[in-house]
Amino acid sequence: MTEEKKKNTYSPLVCSILFCAGVLFLVLSDQFAKYLASVYLKGTQGIVLIPGVLELQYLENRGMAFGMLQGKQALFLIFCLLFFGILIYFFWKIPKNRYYLPLIVIGAFLAGGAAGNFIDRLLYGYVVDFIYFVCINFPVFNIADIYVVCGGIALAAAAVFRYQDQDFSFFGS
């Protein structure tokens with residue numbers, strides 16, 4: 001790692017507290033939105049926000065994206081736990097400095113999204129979805145899904161445009 005990348009090192013404890021606080025905020029935001037969807041949308045025809053474009057509709061999704069693997073909740077829970085393990089390992093190993101801060105933030109979004117849907121699956125056996133783009137007939141989704149998709153896109157962009165293979169040498173130490 002170059003000297004420039006070593007600058008602005010943060011306290012691992014402070015970084016961990018901020019990471020956990022960020023993940024908690026994301027999870028609570030997702031769970032609150034799902035609670036509101038359950039209270040105000042369940043049993044209704046939904047709410048049209050922009051006619052022909054965007055609606056709020058309550059859906060209990062017992063599968064994953066696009067309704068695949070319906071009823072495989074145990075499999076989703078296991079994958080999610082493995083994902084959390086990988087994220088924790090990555091967070092533990094990554095240098096806590098300004099250069100790697102984007103990856104830490106991306107990890108928080110991925111963890112927050114995964115945890116939001118994990119909680120639903122664990123407590124209810126399904127994920128509450130409620131955002132529907134009518135104009136493209138896109139599957140109904142939720143806030144946690146937005147976190148995961150945006151985190152995944154940001155991770156891919158960071159891997160392509162910012163980081164190089166040698167930037168991940170900390171995994172070998």
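In which helix does Asp-30 lie? Asp-30 belongs to helix 2, which covers residues 12–40. I shall return to this residue after a short overview. Please bear in mind throughout that the structure before you is a predicted model.

Let me begin with the chain as a whole. The chain holds 5 helices and 3 strands. Read from the N terminus, their order is α-α-β-β-α-α-β-α. The C-alpha trace extends over about 60 × 35 × 25 Å along its principal axes. The chain has 173 residues, and 38% of them are buried.

Two further values describe how the chain folds back on itself and what it presents outside. Among contacts with a separation of 6 or more, 71% are made by residues 24 or more positions apart. The exposed area of the chain is about 10,300 Å², and carbon and sulfur atoms supply 72% of that area. As for charge, the chain carries 12 positive and 10 negative charges, and the mean positions of the two sets lie 7 Å apart.

I now come back to Asp-30. Is this residue buried or exposed? Asp-30 is buried, and its relative accessible area is 0%. Its side chain takes part in polar contacts with two side chains that I would like to name. One is that of Lys-34, at 2.9 Å. The other is that of Gln-31, at 3.3 Å. Leaving aside residues up to four places away in sequence, Asp-30 touches Gly-116, Asn-117, Asn-142, Ile-143, Ala-144 and Tyr-147.

Helix 5 spans residues 143–161, and Val-149 is found there. Val-149 counts as partly exposed, with a relative accessibility of 48%. For a sense of distance, consider Val-149 together with Phe-25: these residues are 124 residues apart along the chain, and their C-alpha atoms are separated by 18 Å.

Next, the strands. Asn-61 lies in strand 2, which runs over residues 54–61. Asn-61 is buried, at a relative accessible area of 11%. Which side chain does the side chain of Asn-61 meet in a polar contact? The partner is the side chain of Asp-129, at 3.1 Å.

From strand 3, residues 127–133, a loop leads to helix 5, and Asn-137 lies in this loop. Asn-137 counts as exposed, with 56% relative accessibility. Its backbone also deserves a remark. Most residues other than glycine have a negative phi. The phi of Asn-137, by contrast, is positive, with a value near 50°.

I close with the cysteines. A disulfide is a covalent bond that links the sulfur atoms of two cysteines. How many disulfides does a search of the whole structure find? The search finds 0. Why does Cys-80 form no such bond? The closest cysteine sulfur, in Cys-20, is 15 Å from the sulfur of Cys-80, and this is too far for a bond, because a disulfide requires the two sulfur atoms to be within 2.5 Å. Cys-80 is also buried, with a relative accessible area of 11%. Cys-135 is likewise in no disulfide, and the nearest cysteine sulfur, that of Cys-150, is 17 Å away.

Notes
Residues numbered from 1 in each chain as written. Predicted model: local features only at pLDDT ≥ 70, side-chain atom pairs only at ≥ 80, totals over all residues. Heavy atoms only, no water. Helix = DSSP H or I, 4+ residues; strand = E, 2+ residues; numbered from the N terminus. Buried < 20%, exposed > 50% of the residue type's maximum accessible area, 1.4 Å probe, protein only. Contact = heavy atoms within 4.5 Å. Areas by Shrake-Rupley, 256 points an atom, 1.4 Å probe, with all protein chains shown as cover. Lys, Arg positive; Asp, Glu negative; His and termini not counted. Charge placed at Lys NZ, Arg CZ, Asp CG, Glu CD. Polar contact = N/O pair within 3.5 Å; in protein donor to acceptor, adjacent residues only side chain to side chain.
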